[in-house]
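Q: I am new to this structure. Please take a close look at its aromatic rings, and then set that part among its surroundings.

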Amino acid sequence: MKRIKDKNFVVFENTLAEEEKAKLRKEEKVHNIFLRPPPLDLQFTNNCTNIVNGSDNLITKTSVKNGFNANVLSSTSLPMSGKFKVTVTVLKTHVRFIYCGVAPSSFNINGGYMYDVSGWHFRLNAGSLDSGPPTSYKKKSYARGVKEGEYVDIVVDREERTISFAVNGEDQGVAYKDVFNNGDDLRLCVMLYSENDSVRIGPIEAV
């Protein structure tokens, strides 16, 4: 406590020592680590690498062959109820040919160019939608493109049966509606095109 005299009264100013501030910051950091959800359990093609960092997965395409042949899928179903999101951040990309979205468990993880075969996806460079049945979209205009360093929230509402996307926290509106049924086994899905394309995939978080 620091004591300051001022004519007829004494004012006490609360000042924390620097070591006390550092201790509080450390405690807050530890507290936040334990509050964060666990990272998603992922499966991916053998031309990708994954580094788990806290609650996040850092996925990088290692193949020199360009093409949508690097697929990432969550190993277990997304929640069966409620509204939730998974955040995908673009860490590095050559031409921004990256898809993120939601796919059924039947998605062929070893297939190529699956974006209009199975699942419901958002193409980051063009801001467009591509999907398998029942919508079967092909480059449908939806939002602005996403650049390196920006992030996309994939938002699933089980009750409303919708899939939406938000770019840097800005909701882009419903992209897909009534494309899945209650109880369907849904998986997070990401597709990478170029060598060294890299994304950070966050945990599942309630909305």
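A: What follows starts with the chain as a whole, turns to the aromatic rings, and then moves outward from them.

This is a predicted model, in which local features need pLDDT of at least 70 and side-chain atom pairs count only at pLDDT 80 or more, while totals for chains, interfaces and linings use all residues. Residues are numbered from 1 along each chain as its sequence is written, and side-chain values use heavy atoms, with hydrogens and water left out.

The protein chain has 1 helix and 17 strands; these elements are DSSP runs numbered from the N terminus, with helices (H or I) of at least four residues and strands (E) of at least two. Of its 207 residues, 42% are buried, where buried means under 20% relative accessible area, exposed over 50%, and partly exposed in between, using a 1.4 Å probe and protein chains only. A contact means heavy atoms within 4.5 Å. Among contacts between residues at least 6 apart in sequence, 61% join residues at least 24 apart.

Now the rings. A pair of aromatic rings is described by the distance of the centres and the angle of the planes. Here, rings of Phe, Tyr and Trp (its six-membered ring) pair if their centres lie within 6.5 Å; planes under 30 degrees apart count as stacked, over 60 as edge-to-face and the rest as tilted. By this rule there are 11 aromatic pairs. In one of them, the ring centres of Phe-68 and Tyr-115 are 5.4 Å apart and the planes stand at 75 degrees, so this pair is edge-to-face. The two residues are 47 apart in the chain: Phe-68 is in the loop between strand S5 (56-61) and strand S6 (70-74), and Tyr-115 is in the loop between strand S8 (98-104) and strand S9 (120-123). Phe-68 counts as buried at 2% relative accessibility, and Tyr-115 is buried too, at 15%.

Tyr-115 also pairs with Tyr-99: their centres are 4.6 Å apart and their planes at 15 degrees, so this pair is stacked. Tyr-99 belongs to strand S8 and lies 16 residues from Tyr-115, so the pair again links distant parts of the chain. With a relative accessible area of 0%, Tyr-99 is buried.

These three residues belong to one aromatic cluster, formed by Phe-68, Phe-97, Tyr-99, Tyr-113, Tyr-115 and Tyr-193. Another member, Tyr-113, sits in the loop between S8 and S9. Tyr-113 is partly exposed, with a relative accessible area of 40%. Its phi is near 50 degrees, a positive value in a residue other than glycine.

The loop between S8 and S9 also holds Asn-110. Asn-110 is exposed, with a relative accessible area of 64%. Leaving out residues up to four places away in sequence, Asn-110 touches Thr-45 and Asn-71. Asn-110 and Ala-70 are 40 residues apart in sequence, with 8.0 Å between their C-alpha atoms.

The nonpolar surroundings come next. In soluble globular proteins, nonpolar side chains tend to be buried together. A nonpolar core is a set of buried Ala, Val, Leu, Ile, Met, Phe, Trp, Tyr and Cys residues joined through side-chain atoms within 4.5 Å. The largest such core has 37 residues, and Phe-122, Phe-165, Val-190 and Ile-201 have the most contacts inside it. Apart from it lies another core, of 11 residues, which includes Phe-68, Leu-73, Ala-103 and Cys-189.

Phe-122 is also one of the residues touched by Ser-128; the others are His-121, Arg-123, Lys-139, Lys-140 and Tyr-142, not counting residues up to four places away in sequence. Ser-128 lies in strand S10 (residues 128-131). Its relative accessible area is 5%, so Ser-128 is buried.

Further along the chain, a cis peptide bond joins Pro-133 and Pro-134, with omega about 5 degrees. Pro-134 is in the loop between S10 and strand S11 (140-141).

Positive phi occurs at Asp-178 as well, with a value near 60 degrees in a residue other than glycine. Asp-178 lies in the loop between S14 and strand S15 (186-192). At 41% relative accessibility, Asp-178 counts as partly exposed.
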